[in-house]
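User: I'm new to this structure and would like to understand the words used to describe it. Could you take me through a few of them?

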Amino acid sequence: MTKRVIPSPSGPEAVALRRRARRLLARFHLPDDALPGSLALSRRRCGKPSCHCAGGEGHALWTLTFMAGGKKRVETFPRIGSMRFVPAWKPADTSRKRLPNCCGSTPSFWCSLGSSASVHPAVPFHHRPKNRGAMSQQQLARPEPEIPPARPALAAGPPRFLLLEREVEIEYRPQMLAALQSKVDALAVTTRGTLPVCPQCGRTMRCQDTREVSWLARCGCLHAPVSRYRCPPCRYECRPLLDLLGVEPGRISGALARLLAVLATVAPYPLPARLAELLLGVTVSPMGIWRVTQRLGESAAHYSEELSRYHADSRSVGASTQAAPAAIVLGVDGCSLGMQVRSKRRHRKAGQTLPALPPVQDGHFREVKTGVLLLPDERVETSPGRRSVVRRFLVTCLGDADAIFACLYAQLRELGWVGAHTVVVIVGDGAEWIWNRASLFMHRCEILDFWHAVEHAWGFAQLRYGEGSVQADRWVHAIAEDLRAGKVQEVIAQLKRVRPKTPELRESLQALIRYYSENAGRMRYDEYLRLGYGIGSGAVESAHKQVVHARFRQAGMRWSEAGARRLLALRLLLLNEDWALLDRLRMVSLA
């Protein structure tokens with residue numbers, strides 16, 4: 001095959017253009033290590049529907065093409081420098097004002113772009129100073145405007161209504177405290193003449209002593225005389241007034257304790273301490289908020305555990321199942337949580353800082369298992385190909401697989417969702433502990449997460465074709481389309497016809513075939529989509545981020561088992577919109 005030679009243009013116009021190009025290039029002083037390059041302006045759209053480029057001109061993008069080491073390189077200006085790197089040539093005198101128009105007739109220009117040279121925008125090469133630092137200062141220097149900039153102005157003071165609100169709050173807070181104190185005193189008078197009965201032996205208890213106690217509420221500090229009763233044979237003691245009020249001496253109690261626990265459930269303890277002062281007008285330390293959270297969290301965790309034990313008994317009574325749905329979706333998964341490795345609490349010595357915590361090793365992680373319950377009919381399509389859940393219920397525990405399934409079953413019994421003919425759709429990532437406990441439900445449908453199935457195919461494709469190759473992308477895309485259409489047996493037959501060339505590739509292929517063969521009964525994705533069950537575990541992955549990651553896996557966080565268990569229980573109440581249940585739980589006294 002002969003090589004075709006394209007003849008150069010001839011004629012008077014071509015000769016004049018070549019002379020013009022030589023004259024223009026003669027104006028530039030070319031260094032010895034100069035590289036040929038071309039500068040081009042293109043426009044592209046970012047793809048956002050709300051951007052001005054959707055219906056008009058695209059965003060400007062300058063690209064520089066040059067040869068380096070025998071290879072062509074293309075660099076965009078945001079990668080080369082900052083936004084100041086705009087190839088707007090602005091010569092100093094009028095003799096070079098025609099330079100941009102003249103350069104438009106030349107196919108390319110010459111620029112210096114070596115490994116140690118830097119690109120200076122808007123400055124020709126024969127005007128570049130030798131001192132590059134001075135050049136940078138010259139570029140950064142801008143002419144000062146004739147009128148100095150005005151400082152942003154603030155209002156003379158807060159709005160008048162804001163001041164009125166604060167005045168009313170300051171004026172009526174003492175009156176609210178006095179009104180609440182009077183109601184507490186009236187309740188104390190009614191309980192003073194009644195002798196309690198011992199719950200163990202049934203005898204009337206004797207008054208041991210009466211002391212003045214106080215506690216902190218949202219309005220302020222309250223106090224009351226509290227009598228202590230004792231049963232001598234049983235040695236049982238109680239304080240009926242405090243039990244009736246649901247408060248503890250010297251502790252934060254009432255609505256203030258619940259509000260502080262809400263803040264601690266959302267953010268780390270120092271931030272709720274600042275928010276309490278801004279939102280509630282109460283000054284409390286982070287340690288005080290921690291104590292409140294631990295006491296309320298223990299109550300919530302204890303109630304959840306007792307509820308699971310109750311529904312584990314076949315004689316338990318759950319909610320009515322007359323309106324039980326035909327199918328429910330249950331997703332469950334686990335994620336790791338860093339635990340504390342110290343044997344005892346650190347103490348700060350005089351004039352010294354706290355010693356550093358030891359590193360978290362592999363053996364000091366616990367798995368937090370999270371489950372999500374939802375109805376297939378309550379999925380709505382928010383955008384093409386994207387669905388959102390209207391209502392869901394979250395369940396989590398810091399325990400083993402049996403504990404999370406016991407919590408899931410108890411939650412289903414409380415909701416009344418498990419009827420005689422209800423199908424429980426279990427979506428999992430292929431972990432054996434999920435499928436081994438799916439037999440808890442008589443009518444069930446097990447689904448292997450579609451994206452985990454495709455992820456296994458990606459591992460083999462990258463090993464076979466190379467990471468990031470186009471062939472791997474096309475091969476996995478074809479496998480995903482077949483799996484989505486329910487052709488799992490055809491995919492397995494196709495994989496068996498592959499002839500790997502290396503032992504490593506052969507082992508990866510056999511693992512993929514074995515994985516698909518073992519889960520073939522859970523990969524009928526076309527049928528699952530037709531029934532509206534869904535084929536992905538996105539709901540439980542999102543639950544992990546909201547329950548665990550957002551609060552428990554921030555930078556440097558490590559948890560004790562009791563602290564994580566208590567805060568998980570409170571966070572579930574908040575995310576399940578069941579925080580009012582905490583008002584009916586008594587605060588637990590902790591040592």
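Analyst: Happy to! This is a predicted model. A good place to start is the pair Asp583 and Arg258, whose side chains meet in a salt bridge at 3.9 Å, N to O.

User: What makes the contact of Asp583 and Arg258 a salt bridge?

Analyst: The cut-off is 4 Å between a side-chain nitrogen of Lys or Arg and a carboxyl oxygen of Asp or Glu. At 3.9 Å, Asp583 and Arg258 meet it. Asp583 lies in the segment after helix 18 and Arg258 in helix 7, so the pair ties together parts 325 residues apart in sequence.

User: Is Arg258 called buried or exposed, and why?

Analyst: Buried means under 20% relative accessible area, and Arg258 has 11%, so it counts as buried. Its partner Asp583 has 52%; exposed means over 50%, so Asp583 is exposed.

User: How do you know how Arg228 and Asp209 should be classed?

Analyst: By the same limits: Asp209, at 19%, is under 20% and therefore buried. Arg228, at 22%, falls between 20% and 50%, so it counts as partly exposed. These two residues form a salt bridge as well, with their closest N and O atoms 2.9 Å apart.

User: Why are helix 9 and helix 18 called roughly perpendicular?

Analyst: Helix 9 and helix 18 pack at an angle of about 75°. Angles of 65 to 115 degrees count as roughly perpendicular, so the label fits this pair. Their axes are 8 Å apart.

Note on methods: Residues are numbered from 1 along each chain as its sequence is written. This is a predicted model: local features need pLDDT of at least 70, side-chain atom pairs count only at pLDDT 80 or more; totals for chains, interfaces and linings use all residues. Side-chain values use heavy atoms; hydrogens and water are left out. Axes are lines fitted to C-alpha atoms, for helices over the stretch in contact, and angles run from 0 to 180 degrees between N-to-C directions. Helices (H or I, at least four residues) and strands (E, at least two) are DSSP runs, numbered from the N terminus. Angles under 35 degrees count as roughly parallel, over 145 as roughly antiparallel, 65 to 115 as roughly perpendicular and the rest as oblique. Buried means under 20% relative accessible area, exposed over 50%, partly exposed in between (1.4 Å probe, protein chains only).
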